Amino acid sequence: MAPRKHVILKLQDKLEVIKLINKEKFVIETENGPGKRKTLKKPKNPNVESAGFKWFIQQRRLHVPVSGEMLCENARSFHHQFSKNNHAFKACKGWLDNFKKRHGIRRLKISGEKLSSKVDCIEPFQKDFEQLVIQKKFNAEQMYNADESRLFWRILPDQTLVLSTEKAAPGRKIMKERVTFEPCANATGNHKLRLLVVGKAQKPRAFKSVALPVCYRGQKNAWVTRDLFLDWFDNEFVPSVHRHLSSINFPMEAVLLLDNCPGHPSADELRSEDGKIFAMFLPPNTTAMIQPIDQNVIQNIKLYYRKTLLMNILADEENRVDLVAALKKINLKDVVFNLANCWLSVSSHLIKMSWKNLSPQLVDVNETTEVQEENIILTPLLAKLAPNTAITEDEIQQWASGGCDEEIQHQEILTDDEIIHAVTKEDIEKEKDDELLPPSKISASEATKALNTAIQ
């Protein structure tokens with residue numbers, strides 16, 4: 001048999017190969033980034049796929065168990081609403097397997113009564129944590145905690161927009177612009193890391209030519225995803241802890257306590273290269289009772305922020321005439337700078353005292369045993385802003401310390417129709433973006449490099 005002839009492809013042929021590859025394959029899209037397999041075939045029904053994945057993520061964030069049949073049934077429902085055809089899409093086992101592979105979904109057994117367990121698992125965890133501290137000879141300087149919280153940064157109390165003579169305030173639309181922020185500090189309060197702030201925009205225009213006092217990241221839903229958190233841990237947390245421990249001549253070892261949020265990677269992933277800085281997870285559903293940063297630390301950041309919000313509005317007499325216009329003047333740059341200042345205002349004493357429920361031995365018996373919110377009185381500010389309103393100090397404190405954020409967050413659970421609308425809107429926006437992109441020319445070297453990468 002004659003030896004095979006070596007054929008050298010022309011540049012045009014190589015470009016055709018690249019087009020075919022791009023047409024047939026795509027990088028896996030999951031909540032925590034690409035999985036082990038980098039490419040898979042595209043789904044035949046991309047809108048159904050996107051809607052199904054949004055629905056799945058929403059259910060898991062609510063800790064609702066999801067079976068394969070539930071996924072299939074919802075996919076059929078979404079397909080019917082997209083195409084009005086009941087018979088063209090079956091959502092069979094093969095589709096389900098491919099859907100799970102494309103999005104990095106796996107089967108996991110529910111362990112006992114995970115979400116309902118509270119007090120029973122606190123004491124065993126406290127003993128485990130104490131043993132870890134003794135074994136590693138950890139000092140309070142080496143124990144850290146971090147937690148995320150949403151902030152709707154243009155929200156004023158509903159009552160401030162309603163006069164006492166009115167029954168309602170029709171036509172007011174709640175401004176739901178939000179960020180997620182994450183404070184992190186050690187048990188002494190001496191080392192407070194830069195706030196992690198996650199907004200929807202990757203590169204907000206307000207940030208142009210500005211050095212930010214926070215660690216900002218963009219995510220389309222303003223969520224802390226697994227990929228985003230892992231990046232923060234490796235590139236922000238570990239280096240910052242190294243610098244702090246080095247400055248006080250402590251061993252380069254530390255533990256980061258976290259809750260079981262879906263956006264957190266596993267403990268195996270959250271380790272420094274030498275394994276000396278690592279994460280440890282709190283028992284499920286115990287955040288409100290023993291997680292330090294949730295013992296009024298987050299609440300005080302929000303109190304400070306909303307006090308700053310009111311003061312900034314009151315600083316301009318014109319703002320009192322039109323509150324909506326005043327709120328619209330606030331941009332994301334104002335928010336991150338205000339949040340950074342609010343985080344600086346949280347005292348190290350408050351942070352230290354926040355550890356008393358988890359590790360009482362860290363707190364001096366001579367100190368106060370209660371972790372209280374800072375004394376931030378907002379009633380006079382609101383009285384100046386809207387003098388004819390009827391609102392109590394307790395209602396103001398509830399709004400300021402984050403009550404409105406939790407309320408709106410629960411209101412934001414999307415229905416199937418809203419998911420379909422969101423997917424359709426994303427599709428339209430993507431088409432518009434594609435139309436605006438001018439055709440780019442590819443050089444011979446770029447084409448060759450891309451081809452070699454695709455073949456590998």
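The paragraphs below go through the strands, helices, salt bridges and selected loop residues of a predicted model.

An open sheet of four strands is a convenient place to start. Its strand order is β6-β3-β9-β10, and the pairing is mixed. The edges are taken by β6 and β10 (277–281), each of which has a single partner strand, so one side of each is left without a neighbour in the sheet. From one strand to the next, the twist averages 25°. Strand β9 (residues 254–258) pairs with β10 in the parallel sense, over five bridges. Within this pairing, Val 255 has Phe 278 of β10 as its bridge partner.

Helix α6 lies across this group of strands: β3 (143–146), β6, β9 and β10. The helix runs at about 140° to β9. Ser 240 is one residue of α6. With a relative accessible area of 9%, Ser 240 is buried, because buried means under 20%. When neighbours within four places in sequence are left aside, Ser 240 is in contact with His 191 and Leu 193.

Other strand pairings involve β7. Strand β5 (residues 178–182) and β7 run antiparallel and are joined by three bridges. In this pairing, Thr 180 stands opposite Val 198 of β7. β7 also pairs with β8, in the parallel sense and over four bridges. Here the bridge partner of Gly 199 is Gly 218 in β8. The residues of β7 point two ways: Leu 196 and Val 198 one way, Val 197 and Gly 199 the other. All of these are buried, whichever way they point.

The next topic is charge pairing. Side chains of opposite charge can pair when their charged atoms come close. The structure holds six salt bridges, and among them are the following pairs. Arg 194 forms a salt bridge with Glu 236, with the closest N and O atoms 3.0 Å apart. This pair links distant parts of the chain, 42 residues apart: Arg 194 is in the loop between β6 (184–186) and β7 (196–199), while Glu 236 is in helix α6 (residues 226–247). Arg 194 is partly exposed, at a relative accessible area of 37%, whereas Glu 236 is buried, at 12%.

Helix α6 also supplies the acidic residue of another pair, in which the side chains of Arg 217 and Asp 231 meet in a salt bridge at 3.2 Å, N to O. These residues too link distant parts of the chain, with Arg 217 in strand β8 (residues 215–218), Asp 231 in helix α6, and their positions 14 residues apart. Arg 217 counts as partly exposed at 28% relative accessibility, and Asp 231 is likewise partly exposed, with a relative accessible area of 28%.

The salt bridge between Asp 97 and Lys 93 lies within a helix. Its closest N and O atoms are 3.0 Å apart. Asp 97 and Lys 93 are four residues apart in helix α4 (residues 93–103), so about one helical turn separates them. Asp 97 counts as partly exposed at 26% relative accessibility. Lys 93, with a relative accessible area of 62%, is exposed.

Two loop residues have backbone angles to note. Ala 222 lies in the loop between β8 and α6. Its phi is near 60°, a positive value in a residue other than glycine. Ala 222 is buried, with a relative accessible area of 0%. Asn 296 is in the loop between α7 (287–290) and α8 (297–314). Asn 296 is not a glycine either, yet has a positive phi of about 75°. At 15% relative accessibility, Asn 296 counts as buried.

Helix α10 (residues 332–345) allows a check on helix length. At 1.5 Å a residue, its 14 residues should span 20 Å, and the end C-alpha atoms are 20 Å apart, which agrees. The N-terminal end of α10 is capped by Asn 331, which has a side-chain oxygen 3.1 Å from the backbone nitrogen of Lys 333. Along the helix, Leu 332, Val 335, Val 336, Asn 338, Leu 339, Ala 340, Cys 342 and Trp 343 are buried.

Notes: Residues are numbered from 1 along each chain as its sequence is written. This is a predicted model: local features need pLDDT of at least 70, side-chain atom pairs count only at pLDDT 80 or more; totals for chains, interfaces and linings use all residues. Side-chain values use heavy atoms; hydrogens and water are left out. The expected span of a helix is 1.5 Å times one less than its number of residues. Buried means under 20% relative accessible area, exposed over 50%, partly exposed in between (1.4 Å probe, protein chains only). A polar contact is a pair of N or O atoms within 3.5 Å; within protein, one must be able to donate a hydrogen and the other to accept it, and residues adjacent in sequence count only if both atoms are side-chain atoms. A salt bridge is a side-chain nitrogen of Lys or Arg within 4 Å of a carboxyl oxygen of Asp or Glu. Contact means heavy atoms within 4.5 Å. Two strands pair if DSSP finds at least two bridges between them. Axes are lines fitted to C-alpha atoms, for helices over the stretch in contact, and angles run from 0 to 180 degrees between N-to-C directions.
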